[in-house]
Structures are given as structure tokens and as C-alpha cells.
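Student: I've got a model open and want to go through its cysteines with you. Can we take the labels one at a time and check what's behind each?

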Amino acid sequence: MFWVSRARLLVFLALPSLAFLFLQQLSSPSHCPDVAEKSSPTHVLILSSWRSGSSFVGQLFSQHPDVFYLMEPAWHVWMTLSLGSAGQLQMAVRDLIRSVFLCDMTVFDAYMAQGPRKQSSFFMWETSRALCSPPACHLFNREAIIPSADCRILCGKQPFNMVEEACKSYSHVVLKEVRFFNLMTLQPLLTDPSLNLHIIHLVRDPRAMFCSRQNTELELMHDSHVVMGKQWNKMKSEDRPYHLMQAICQSQQEIYKAAQLLPDSLRERYLLIRYEDLVRDPLTQTSKLYEFAGLPFLPHLQVWVRNITQGKGLGGHPFDTNSRNAQSVSQAWRWALPHDKVVQLQKVCKDTMSLMGYLPVLSEKDQRNLSMNLLSPPEIP
């Protein structure tokens, strides 16, 4: 009788602990998939400039099945408020980026035509695998590698409200943006408790950027006007490309230096990557990017990255991301640019090149000698 009473007492005392463990298991992500999806999403901003390989890096994330990706949503701000300068538009761009990270697409009401809209209203929407697969579009598998050309044909008529629904279904929201010129503007987002922001700062050799910009001058004309503001009309046409590159180089330098001054807790959410390092060793560097963002490097993505970076030639249209010899693309400026232009560019971007580890060429012979390495480790201010 005493033994039975003692057993009952032990069971009674153990019940609260068992109940606690049971409730804890129920509330864990493995038992609440909906909660797991919606709690603590990761936000990644690919911060770069035009013609820096940012579309390629954007696709590395866009094709990941855990990522909702948009390419340059701030394009809508610059096109709508086209009379403003880059500096004047920084706050509007930042506010839009924050809303998109939180999957609030009503922010685009101020920058798009009124009335019914489709997801194809977004700038370069077809570069987002998330808008080409469920729940946004059910014609492709969510885990598939989806070419933008196929998506453009088949998924463009989906309703605009599906964009917000799709965004909320992913654990990672990644945005690629070229319209920030300092880190100070972004610091409120880094400290915003509603965001878990990570910044990938992609840079490229200014000489390669300059060369690529020459091939896309008309497409970039509007953006160039906004960057230079009222100074544009005061410059000689032949001087404008160098003034533009000087402004871009200065901004990339300032962003990098400002990142080194962040508190440790914020600095660990900033990652610098050079396009040249990425194309020299795409698998290792992509793995590094995914690890930084908290994403697995899935086997089918490893195959895709290898294939897309080891193609032949320099690729098709400059704004497309297709199979090409990425290493040759990164070196193309060395035989495409006249040496006198390289010398002038090295003068206007001297400090930035030194900081980022891009070595100058001192003669035309050195420029054409592709076996000569022009990379050194970036400096830490």
C-alpha cells in the first residue's frame, strides 16, 4: 500500500515537467512549420554598382529554392522621381527597400501606375525564380533552375498581389541594389529590430566596370544623369565617363571604410567580395556567400554554378546571366580598352583600387600580358 502511494506521488510530481517538455516540443519549428517559415526571416542586400557582376551574384541567390529575390526594386524610385539627385533619393530608396524586405508591396503604389497591376510590373521581374514558381506561378517547379526567358513568356500575367504572398512564403528575402552610395543611409536598417539584415558588398575592378559601361552607355544614361545631378550638363561629353567612375569609386571606398567602423555585432553582418575572386573560384566563393546568408549549397546548384561559369565566350546580352567563361569576362578590359584610357581611369580611382587590392598597370605591355596578376588582398583601414 505504501509502495502504491509513493508511486502515485512520483507520477504527480513528474507531471508538470512532462507537460512542460511536451509543450516545448509542440512549439518547436519541427512541429510548427508555419511558425518556422514566418519567424526570423533573413534579409540580404547585395550592395554594388552598375556593371560589377551584381546580376550574376543576384542569380546565385535567386535560383536557390529558399530565396525570394528581386533585382533593383529602387529602379522604380529613380524612374518616378527622376528630377532628384542620387543623394536626394537615398531616403526614399531606403524606405522602399525596408518595405520590400518585410514583404509589404503596397510601397510600390507610389511608384507604379494606378489600377490593376500584374507581377510583370516589376523591373526585371523575370530574373526572380520566386516569381516564376509556386505560389506566384504554378508552371515551374519551385526547386528548378528557371531561365528568365521562359519565365517571361509563361508567368507575366500573374496578379500583383501574388508577389507579396510569394515573398512571405520564403525564409530568405534577397534584394540586389546599385542605388546606395554610402553605408550611413543603411545603418538604420542594420539596427532595425524587425529586420535581420546582412549586407554583401560586391566590388569589381574599376577598369572592367568602365569597359563594360562603354558597351551599355545608352541603357545606363538615365542612371548616369541621376548620379551626377546638375553637374552633368556642365561637363564635356568626353569627361563624363571618368567623372562617373570617380563618383562610383568614391562611394564604394566610403562604404567599405564605414563598414570597418561598425560595432562588432553589426560588422559581422557585412561581407566584402570581389567579382574577380568569385569567378576565379566560383564554387568556393559561392559556398562562402551561402554560408554568410545561412543557406545550404545544394548539389544541383553546385552543378549549375560550375556550368554557368565555365561556358565559352563572353556571354550574350550584357544584362543577361547566361553561360560564359567568367574568368575571361573579368579580364576582357585588358585587351578591349586603349591604354591611355586605363591610365586616366587609374588616376581617378587610384585610392579605391589600392584599398580593394587592384594593382595598376604601368605599361601597355603589362596591360596586355594576361599572365600578370593584378590582384592583391584588400586593405583593412
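Tutor: Sure. Start with C137: its relative accessibility is 0%, so it counts as buried. Keep in mind that this is a predicted model.

Student: What makes C137 and C155 a disulfide?

Tutor: The cut-off is sulfur atoms within 2.5 Å. In C137 and C155 the sulfur atoms are 2.2 Å apart, so the pair meets the definition of a disulfide.

Student: Why is that disulfide of C137 and C155 called left-handed?

Tutor: Look at the torsion about the S-S bond: it is about -70 degrees, so the disulfide is left-handed. The pair links distant parts of the chain, with C137 in the loop between α5 and α6 and C155 in the loop between α6 and α7, 18 residues apart.

Student: And how do you know whether C155 is buried or exposed?

Tutor: Buried means under 20% relative accessible area. C155 has 0% relative accessibility, so it counts as buried.

Student: How do you know that C132 and C151 form a disulfide?

Tutor: Same routine: their sulfur atoms are 1.9 Å apart, and the limit is 2.5 Å, so the label applies. The torsion about this S-S bond is about -85 degrees, so the disulfide of C132 and C151 is left-handed. Here C132 sits in the loop between α5 and α6, while C151 is in helix α6, 19 residues apart. C132 is buried, with a relative accessible area of 0%, and C151 counts as buried at 0% too.

Student: What makes the disulfide of C249 and C349 left-handed or right-handed?

Tutor: The torsion about its S-S bond is about 90 degrees, so the disulfide is right-handed. C249 lies in helix α11 and C349 in the loop between α18 and α19, so the pair ties together parts that are 100 residues apart in sequence. The sulfur atoms of C249 and C349 are 2.1 Å apart, and both cysteines are buried.

Student: How many disulfides does the rule give?

Tutor: Four. Counting bonded cysteines along the chain, the pattern is 1-6, 2-4, 3-5, 7-8.

Student: C211 isn't at 0%, so why is it called buried?

Tutor: Its relative accessibility is 10%, and buried means under 20%, so C211 is buried.

Student: Then what makes L139 exposed?

Tutor: Exposed means over 50%, and L139 has a relative accessible area of 55%, so it qualifies. L139 is found in the loop between α5 and α6. Together with I153 and L154, L139 makes a nonpolar surface patch of about 330 Å².

Note on methods: Residues numbered from 1 in each chain as written. Predicted model: local features only at pLDDT ≥ 70, side-chain atom pairs only at ≥ 80, totals over all residues. Heavy atoms only, no water. Patch = residues over 30% accessible without salt bridge, like charges linked within 9 Å, V, L, I, M, F, W, Y side chains within 5 Å. Areas by Shrake-Rupley, 256 points an atom, 1.4 Å probe, with all protein chains shown as cover. Salt bridge = Lys/Arg side-chain N within 4 Å of Asp/Glu carboxyl O. Helix = DSSP H or I, 4+ residues; strand = E, 2+ residues; numbered from the N terminus. Buried < 20%, exposed > 50% of the residue type's maximum accessible area, 1.4 Å probe, protein only.
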